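Me: Could you take me on a close look at the sheet in this model, and at what packs around it? I'd like one connected walk through that part.

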Amino acid sequence: MAYQENSAITGSAGSGYPSARFAAPVLVALALALCAPLCPAQEMAQDQGPAPRLASDPHADSHIAEAIRQVSAERIRQTIEKLVSFQNRSTISAQDDASIKAGKGIGAAREWIKAEFERYSKECGGCLEVKTDTFTEPSGERIPKPTVITNVYAVLRGTDPKQADRIALVTGHYDSRNSDTLNGTDSAPGANDDGSGTAVSLECARVLSKAAGQLKFPATIIFLTVAGEEQGLNGSKHFAQMAKQQGWKLEAVLNNDIVGGNVGPGQDTNVVRLFSEGLPAATIEADIKRIRALGGESDSISRELSRYIADVGRSYDAGVKPLLIFRLDRFLRGGDHYSFNQQGFAAVRFTEFREDFNHQHQNVRSESGIEYGDLPKFVDFDYVAHVARLNAATLAALASAPAPPANVKMVTKDLENDTTLTWEPSADAAAYEVVWRSTNAADWEYVQTVSSGTRASLKVSKDNVIFGVRAVDAAGHRSLPVVPEPER
Ligand SMILES: [Zn+2]
C-alpha cells in the first residue's frame with residue numbers, strides 16, 4: 001500500500017493539530033486496518049479500512065448542551081455575594097452557634113452551603129444526598145489550636161447499578177483569608193478565592209440535579225466544597241484520603257480555584273487555565289522506569305483528563321475554552337487537586353487566565369490609589385458562569401459515558417511496524433475508539449472507531465505515536481481514554 005506514515009507524523013509535528021494543508025494527505029496516507037479478534041490475517045493485510053477522523057472534531061449530546069445553558073450568572077452572583085456576607089470564612093474563624101446565628105464566620109458559611117444543597121435536592125425530588133465530612137485538624141503552623149474542619153458535599157447517585165460506583169467530582173474551597181492567614185476575624189471576602197470555585201460547584205449541583213430527571217446519568221457525580229485550603233489543603237487532604245481508603249472509583253476531580261475572571265488589564269475571558277500534573281505525585285520508582293521507557297511523561301491520568309476537558313470545550317459552547325497548562329500548578333502556589341493527585345486520582349485545576357495579586361490574600365484597603373482585597377466587584381460573573389458550564393458539561397459527559405476500557409494492552413512480542421491493541425469490554429459500551437497522536441503533539445490527533453470486538457490492528461507504528469483507547473456508548477458518550485501497557 002502507498003503508506004506514508006513518516007510524512008503523516010512529521011506533517012503534524014509541533015502543533016496540537018495538523019493544519020488544513022496537511023489534513024487531507026494525512027487522512028489518505030493513514031489508511032487503517034481494523035479487525036475483530038477472529039479476522040483472518042489475509043483479510044487484515046488486504047483491508048486498509050476507513051480513514052481515521054480528526055480527534056478535534058466536535059461531538060455533543062444535545063441534552064447536555066441544553067442542561068449547561070441553564071447555568072446562571074445571576075445565581076452565581078448571588079452565591080458569591082452571600083459567601084462574602086459571612087465576613088471572614090477563614091478555617092480558624094468562628095463556628096459557634098451564636099456566630100452561625102449572626103451569619104458570621106466559616107460555621108455560618110458551612111450551614112448555608114449545606115442548606116443550598118438541600119434546597120436543590122428538594123427541587124429534584126430528593127435526588128441529592130447532602131453530606132458532611134467532619135474531622136479535627138491538630139494544631140500546626142497555620143492552625144493555632146485543634147480545629148474542626150467540615151467539607152460539605154452533595155452526591156447525585158448514578159442510575160445504573162453497574163456504573164454507579166464510578167464518580168466524577170467538582171470542588172472549590174469555601175474558606176477564605178486576608179493578608180494574615182492567622183486572622184480569623186477581620187474582613188476576608190474571598191469573592192474570587194474561592195467564592196468563585198464554590199459557586200461553580202453549587203451551580204453545577206443545581207443545574208445537573210435539575211437535568212438528572214431527563215438525562216439519567218449512569219455514573220455518580222459529587223459536588224464538593226472543602227475548607228482548610230488556605231491553612232494547608234487540610235479539607236481536601238482528608239476527603240481524598242477517605243476516598244482512597246474507601247476504594248472509591250474516583251475517575252475525575254475538577255478543582256476550581258480563582259475562576260472569577262478578575263476584571264482588570266491583561267485578562268483574557270476567552271480562556272480558563274487548566275493545570276495538570278505530568279509525573280504523578282503518587283508515582284513509585286517502578287512507575288518511573290516504565291514512564292521513562294515508554295515516553296509516558298505527558299500521559300498521566302490527570303493529563304488525559306485535561307485532554308478530555310479540551311474535547312468537551314470543543315464540543316460544547318461553554319463560552320470559555322480550557323487553556324491546557326502541562327504543569328501541576330502556578331509558581332509559589334498550590335491547590336486542592338494536589339491532595340487528590342497524592343492519593344493517585346486524576347485531578348486538575350481551573351484558574352482564570354491572569355490573576356491580580358492585589359485582589360487575593362489581601363486586607364481590604366486602599367493604598368497609593370490602589371484598591372486591595374478580594375471583593376465581588378472584581379469578579380466577572382458571566383465568566384464564572386462560563387467556567388461553570390465547562391465544568392458541568394465535563395461532569396455530565398463523564399457521568400453519561402461507559403467505564404473506560406480495562407486492561408488495555410499493546411502487543412509487543414514481535415518487531416513489527418503495525419500496532420495491535422487489546423482490552424476488556426466495558427459495561428454499556430457500544431463501540432470503542434482508538435485515539436493517537438505524534439509523540440511531540442500535545443493533544444490527540446486521530447481517532448478510529450472499532451465497532452465490534454475488543455481488539456484493533458492499525459497500520460500505524462507504535463514506535464512513532466502514543467495510543468489511547470476509549471469506550472463509547474450507543475448515544476456517542478466517550479469515556480476517558482486509557483493508554484495501553486506493552487505486553488509481550
Ligand atoms: Zn484558593
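Reply: Quick bit of vocabulary before we dig in: two strands count as paired if DSSP finds at least two bridges between them. Keep in mind, too, that this is a predicted model.

Let's start with one pair. Strand E4 (residues 166–173) runs parallel to strand E5 (residues 220–226), and the two are joined over 7 bridges. One of the partnerships is histidine 173 with valine 226, the latter sitting in E5.

Zoom out, and that pair belongs to an open sheet of 8 strands with mixed pairing, in the order E2-E3-E5-E4-E6-E9-E7-E8. At the edges you'll find strand E2 (128–137) and strand E8 (321–325), each pairing on one side only. From one strand to the next, the twist averages 25°.

Now for what lies against the sheet. Helix H8 (residues 191–215) packs on it, touching E2, strand E3 (147–156), E4, E5, strand E6 (249–256) and strand E9 (347–352). The direction of H8 makes about 145° with that of E4.

Then there's the nonpolar side of things. The largest nonpolar core has 75 residues, and those with the most contacts inside it include Phe223 and Leu395. Helix H14 (residues 381–400) gives the most to this core, with 14 residues. Have a look at leucine 395: setting aside its neighbours within four places in sequence, it is in contact with Ala168, Leu169, Val170, Cys204, Leu208, Ile221, Phe223 and Leu254. Apart from the largest core lies another one, of 17 residues, and Leu169 is among them, along with Leu224, Met242 and Ala347.

Conventions
Residues numbered from 1 in each chain as written. Predicted model: local features only at pLDDT ≥ 70, side-chain atom pairs only at ≥ 80, totals over all residues. Heavy atoms only, no water. Helix = DSSP H or I, 4+ residues; strand = E, 2+ residues; numbered from the N terminus. Axes fitted to C-alpha atoms, helices over the stretch in contact; angles between N-to-C directions. Contact = heavy atoms within 4.5 Å. Core = buried A, V, L, I, M, F, W, Y, C linked by side-chain atoms within 4.5 Å. Buried < 20%, exposed > 50% of the residue type's maximum accessible area, 1.4 Å probe, protein only.
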